[in-house]
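Please open the structure in a viewer and keep the selection panel at hand. The tour below proceeds one selection at a time.

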Amino acid sequence: MNFSTKAIHIGEDPKKLQYGDAVSPVHFATTFAKTSIKQIDEEYVYSRSGNPTRDNLEKKLAALENAKYALAFSSGLAAETTILLSLLKEGDHVIAFDDLYGGTKRLFKQVMKRFGIEFSYVDFRILENIEKEIKPNTKIIWIESPTNPLLKLADIKEISRIAKSKGIIVVVDNTFASPYFQNPLDLGADIVLHSITKYISGHSDVVGGAIMLNNEAIFEKLKFHQNAVGAILDPFSSWLAMRGIKTLSVRMEKHEKNAQTIAKYLENHPLVKRVHYPGLPSHPQYELAKKQMKGFSGILSFELKGDINMAIKFVENLKLFFLAESLGGVESLIELPALMTHSSVPREERIKVGISDSLIRVSVGIEDVEDLIDDLERGFTAVKA
Ligand SMILES: *Cc1c(COP(=O)(O)O)cnc(C)c1O
């Protein structure tokens, strides 16, 4: 089966339902009645440990990443926490991309470090940086590709090859690409992670996280810890995520098409200094993007020829782009990382990785692109005034 067919059909089985519902119902029950003591260990006992709606979603999620197993969590960060708690102990070491999602950095720096986990942050665009950091206690290499907000890439296949030779587990945060445009397990990674909140649910109305993988032993560890700490996705959010997944491929096609058009428009604009988008031939890793991704997704960032006040004026004068954090929904969002998503990152560190004060990040929605460009034009007119 191909991607869109799987996204629609896996996890739906009308023949098994009393009335043949074409859409699986939501199973809200927290507990499941048995007819005899012998049945007490059967499939569903208590909803934290297992729920039929969450199970259906997990089947769908696994199919999207060509994985054997998937788990659905209450948020992307709950999924990340469960990976770290399941696979690491005091004294272990993690090597991570230095341009990570802000919440992931906060989890590593302000929570996990307290439990004696060591973290190194390096620029994954240069493979030697990773090789140099590998120590006997290195257990995980944590990739995000493309990164937030600078759209830097890591070569997933090469990094997985290096890790495999040392018995290190490779985790890839695949949120920005979505499973439609990139499948890290097929490139050799061990664990794929998604914030369901973003493209997978796609309508800015669910907070959730997912893990997909093929290794049974690691899956059993993750499943045990997910239940032990209680980091599960609730039935209604699971159902909304299933509904979102059915249109993932058509949404991603439109997100990408609009993003390509806007990236080119911005690149040719006299008030724009630089555009970061992996689908532009000017992106320093355009060749790698073409090799490991099936498309370039819908997020880009750009710098104005001006200061932070110009950037503020620009974003505040838009009407269609919502001034908001998050990404991956049908509506276009715009934000200033320095003041919003990355405000918790110290300025020096932010500048060092390349997030300047006037950097603007855009999550391009699936509206008509002519209207989006008219709106951006409104922003440029305002800053020129
Ligand atoms: C949003 C996001 C997360 C965290 O997911 P939540 O669902 O907000 O907990 C992790 N990684 C990336 C790249 C994200 O965009």
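**First stop: the ligand**

Select Thr 197 together with the ligand: a polar side-chain atom of this residue lies 2.7 Å from an oxygen atom of the ligand. Please bear in mind throughout that the model is predicted. Next, add Lys 198 to the selection, where an N or O atom in the side chain is 2.7 Å from an oxygen atom of the ligand. Then show the backbone of Gly 76, since a polar backbone atom there is 2.9 Å from an oxygen atom of the ligand. How much of the ligand does the protein bury? Taken alone, the ligand exposes 380 Å², and 93% of that is buried by the protein.

Now widen the selection to the full shell around the ligand, which consists of 14 residues. The closest are Gly 76, Asp 173, Ser 195, Thr 197 and Lys 198. By class, this shell contains 6 polar, 4 nonpolar and 4 charged residues. Colour helix α3, residues 76–87, as the next step: with 3 residues, helix α3 gives the most to the shell around the ligand.

**Second stop: the largest pocket**

Hide the ligand and display the protein surface. The space that the ligand takes is the largest pocket, and the volume of this pocket is about 510 Å³. Its lining comprises 30 residues, of which Leu 77, Tyr 101, Gly 103, Ser 195 and Lys 198 are the closest to the centre. Which elements should be coloured here, as those that give two or more residues to the lining? They are α3, α4 (102–111) and β6 (191–195). Sorted by class, the lining of the largest pocket has 14 polar, 8 nonpolar and 8 charged residues.

**Third stop: the cavity**

Rolling a probe the size of a water molecule over the atoms shows where empty space is left. How many cavities of 30 Å³ or more does a search of the whole structure find? The search finds 1, and the largest cavity holds about 40 Å³ of space.

To locate the largest cavity, select the residues that line it: Asp 98, Asp 99, Leu 100, Lys 105, His 342, Val 345, Glu 349, Arg 350, Val 353 and Ile 355. Helix α13, residues 347–353, may then be highlighted, as this helix gives the most to the lining of the largest cavity, with 3 residues. The lining of the largest cavity has 5 charged, 4 nonpolar and 1 polar residue by class.

**Fourth stop: backbone details in the loops**

Proceed to the loop between β4 (138–144) and α6 (156–166), where Pro 146 lies. Select Ser 145 and Pro 146: a cis peptide bond joins them, with omega about -5°. Then move to Pro 149, whose place is also in the loop between β4 and α6. Asn 148 and Pro 149 are joined by a cis peptide bond with omega of about 5°.

Finally, go to the loop between α2 (52–64) and β1 (69–73) and select Asn 66. What is the phi of Asn 66? Its phi is near 50°, a positive value in a residue other than glycine.

Notes:
Residues are numbered from 1 along each chain as its sequence is written. This is a predicted model: local features need pLDDT of at least 70, side-chain atom pairs count only at pLDDT 80 or more; totals for chains, interfaces and linings use all residues. Side-chain values use heavy atoms; hydrogens and water are left out. A residue is near a molecule or strand if one of its heavy atoms lies within 4 Å of it. A polar contact is a pair of N or O atoms within 3.5 Å; within protein, one must be able to donate a hydrogen and the other to accept it, and residues adjacent in sequence count only if both atoms are side-chain atoms. Accessible areas come from the Shrake-Rupley method with a 1.4 Å probe; for residues, only the protein chains shown count as cover. On a 1 Å grid over the protein atoms alone, a cavity is a set of points where a 1.4 Å probe fits but cannot get out, and a pocket is an open set with protein on both sides within 12 Å along at least five of seven lines; lining residues have an atom within 4 Å of a point. A molecule sits in a cavity or pocket if more than half of its atoms lie within 2 Å of its grid points. Helices (H or I, at least four residues) and strands (E, at least two) are DSSP runs, numbered from the N terminus. Ala, Val, Leu, Ile, Met, Phe, Trp, Tyr, Cys and Pro count as nonpolar, Asp, Glu, Lys and Arg as charged, and the others, Gly among them, as polar. Grid points are joined across faces, edges and corners, and a volume is the space filled by probe spheres set on the points.
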